[in-house]
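Here's a quick briefing to read alongside the model. Have the chains open and follow along topic by topic.

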Amino acid sequence: MKLDLVNNKDFLAGLLMISVGAIAFYMALDYPFGSALRMGPGYFPRVLAGILMTFGLYVMIRGIKSGEKVEGAWGWKALAMITLAFVVFGWLMDRIGMIPSLVVMFFLAALAGHQFKWLEVTILTVLMTAFAWAVFIWGLGLPYRLFWWDY
Amino acid sequence: MEIFSNLILGFQVALSLQNLAYCFLGVMVGTAIGVLPGIGPLVTIAMLLPITFNLAPIPALIMLSGIYYGSQYGGSTTSILMNLPGETASVVTCIDGYQMAKQGRAGPALAIAAVGSFFAGCVGTLLIALFGPPLAEAALKFGAPEYFALMLMALVAAACLSSGDMVKALAMVVFGLLMGIIGTDVNSGMARFSFGISELTDGMGFTVVAVGLFAVSEIVKNLETTVQGEIFTSKIKNLMPTLADLKSSFWPIVRGTAVGSFFGALPGTGPAISAFSAYMVEKKMAKDPSRFGKGAIEGVAGPESANNAAAQCAFIPTLTLGIPGSGVMALMLGALTIQGIAPGPQVMTAKPDLFWGLIASMWLGNLLLVVLNLPLVGMWVQLLKIPYRWLFPSIIMFCAVGNYSINNSPMDLYLVAIMGIVGYILMKLECPPAPLILGFVLGPLMEENLRRALLISRGDPTVFFTRPISLSFMLLSAFVLIIMIVPQMRKKKEQAIHEGGG
């Protein structure tokens, strides 16, 4: 059996749990632990971080033993485009107004798919932007600037 | 009887034009997402949660719960007509429902599914009305040790009873509890796990976590594969079930409702497990089990009643104790929290209009669903023609604007992106996100009750075992853990024996 840890499902899951637990434990060292009678702000996080690391270790060892692989391919491109869409929208919202931000975001999100047809995406963008305006600005009355010249 | 005056109050609230409109909207959206594969109630509720922040609490909850139980109705339609389960809970319905459709009996199958769901919905609503008040009253007497033990039991049970890997589910609960700590500690005023980001001193937003974990990861997962499902359309001729159909479905509906109500109220077990169990029950009860899988109407009636009963009864612990048993219920509780309502047994007495209005709206919603579903079946099927590449950017757009609208802060969107990455990686590594969000919701409450319990007992941890109610919760959690571990050990033992002997 070849040891393939990069695609080992449980090894990676365990590694993730241990890392999160270790970071949490390290950060919680700055918070007073207190005692069982008077729990400090560091008590609960440190206990939890310890438990998480224990679980992580168990899952990791189990992964090395079983060698089960991650199922299917990773959708890194789709994940990147979608998270980028959120980040760019958030960044643009305060700068160029809601309508242009939505247009940019819609195109970025649509790029995550397998097919990208310019005409189709353009029509959808217009329709959905209008819908978003109707729901959020007209319906819920949120006070956002629509374009950059509204500033 | 107090219950009647309460129900009258509930119907007064639910029948107001605004609330009726949100109920209608909720069940419409619910049916639509039930029909569409790849978009479930979790994604939809996560997407709409931030928007409900701008609504009043009652219409917000009425709409969100309508989406949840509405999706149980919609899920059966495509299972029967196309062998395409819109929801995990309707996978079982495919087995016999699709066979019935192939035999030209799609109409009766759809009708029985709707009738069964409606019956289950009525019973479920009644159960909440009957058991809600006494449960809440009992819970009001709970002290900190009882509460801590109850939450521990709910989390352990939710992690152990849900399908999939128990150890990973428990680890995800702990991960969620840790994430719940983010923010300012109420007792010391210390900012914990804030990573120097000022927005995080108020805690991680609930909607941020929900959208990242459920919406983003689900969409990316759906985009991994290029395979597009084929779409068949079959003609539905006769909707009316025969008298024989009704007769043979009566007991399966009743049994399915009972199974669903039981599993629905338990933490960790939801509509999917209920539907599966109901199917097994029917197969065992049948005189001729070989008919199953070949278009037995009992195989549609039982599971369809069970999944709807489970969807309704899941509200019992959520509304009366403030303890959610599943991911969707955690989102419901989050909807309450972002409205500034602290969930727990006091909701029923402090906000009777919310509690009883929601119950009344559920009954009305079930009625609306029958009326909507049967005659409009053709229209719902048309929804399947919408390609996913049109849907997902629209979902993302709603998630983004909605999350921005809560704090008007770009930081929330950056955090959604981070949570999305975390959620996707967890999903690929088969770490279930539902226990994480349960832990996240209950985290701050658990810490507070643990602290108080230990303060009362002067630091003595046996306090959880000396008080009878707390002790029984602790014993139940231990019991659930043990029965889940033992079969695994047994299996391993058998394997070892097998390997040794072979």
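Let's start with a helix pair in chain A: α3(A) and α4(A) pack at an angle of about 170°, and their axes are 8 Å apart. That angle is over 145°, so α3(A) runs roughly antiparallel to α4(A). Keep in mind that this is a predicted model.

**The α3(A)–α4(A) contact**

- On the α3(A) side, the contact is made by A:M81, A:I82, A:L84, A:A85, A:V88, A:F89, A:L92, A:M93 and A:I96.
- On the α4(A) side, the residues are A:M98, A:P100, A:S101, A:V104, A:M105, A:L108 and A:A109.
- Sorted by class, this contact has 15 nonpolar residues, 1 polar residue and no charged ones.

**Where chain A meets chain B**

- At the interface, 57 residues of chain A are in contact with 54 residues of chain B.
- On the chain A side, the elements giving two or more residues are α1 (9-28), α2 (43-66), α3 (76-96), α4 (98-110) and α5 (118-139).
- The most comes from α3(A), with 12 residues.
- By class, the side of chain A that touches chain B has 45 nonpolar, 10 polar and 2 charged residues.

**A parallel pair in chain B**

- Over in chain B, the axes of α3 (residues 41-52) and α14 (residues 327-338) come within 10 Å and cross at roughly 5°.
- An angle under 35° counts as roughly parallel, so that is how α3(B) sits against α14(B).
- From α3(B), the contact uses B:P41, B:L42, B:I45, B:A46, B:L49 and B:T52.
- Their partners on α14(B) are B:G327, B:V328, B:L331, B:G334 and B:A335.
- The class count for this contact is 8 nonpolar, 3 polar and no charged residues.

**α20(B) and its bend**

- Helix α20 of chain B covers residues 433-456, which is 24 residues.
- From first C-alpha to last, α20(B) reaches 34 Å, close to the 34 Å expected at 1.5 Å a residue.
- There's still a bend of about 50° at B:L442, and a proline, B:P444, follows within four residues.
- α20(B) is mostly covered, with 18 of its 24 residues buried.

**Positive phi on either side of α20(B)**

- B:E430 lies in the loop between α19 (410-428) and α20 of chain B.
- Its phi is near 55°, a positive value in a residue other than glycine.
- B:E430 has 15 other C-beta atoms within 10 Å, so it is partly exposed.
- Just after α20(B) comes B:R458, with a positive phi of about 60°, although it isn't a glycine.
- B:R458 belongs to the loop between α20 and α21 (463-466) of chain B.
- With 9 C-beta neighbours inside 10 Å, B:R458 counts as exposed.

**Buried spots in chain B**

- In α12(B), residues 298-313, 16 of the 16 residues are buried, so this helix is largely enclosed by the rest of the structure.
- At 1.5 Å a residue, α12(B) should span 22 Å, and its end C-alpha atoms are indeed 22 Å apart.
- B:M179 is in helix α8 (residues 166-181) of chain B.
- B:M179 counts as buried because it has 22 C-beta neighbours inside 10 Å.
- Leaving out residues up to four places away in sequence, B:M179 touches B:M204, B:V209 and B:F440.
- The C-alpha atoms of B:M179 and B:I483 are separated by 29 Å, with their positions 304 residues apart along the chain.

Methods:
Residues are numbered from 1 along each chain as its sequence is written. Chains are lettered from A and ligands numbered from 1 in the order in which they are written. This is a predicted model: local features need pLDDT of at least 70, side-chain atom pairs count only at pLDDT 80 or more; totals for chains, interfaces and linings use all residues. Two residues are in contact if their C-beta atoms, placed from the backbone, lie within 7 Å. Ala, Val, Leu, Ile, Met, Phe, Trp, Tyr, Cys and Pro count as nonpolar, Asp, Glu, Lys and Arg as charged, and the others, Gly among them, as polar. Axes are lines fitted to C-alpha atoms, for helices over the stretch in contact, and angles run from 0 to 180 degrees between N-to-C directions. Angles under 35 degrees count as roughly parallel, over 145 as roughly antiparallel, 65 to 115 as roughly perpendicular and the rest as oblique. The expected span of a helix is 1.5 Å times one less than its number of residues. The bend at a residue is the angle between axes fitted to the seven residues ending there and the seven starting there. A residue is buried if 20 or more other C-beta atoms lie within 10 Å of its own, exposed if 12 or fewer, and partly exposed in between; C-beta atoms are placed from the backbone.
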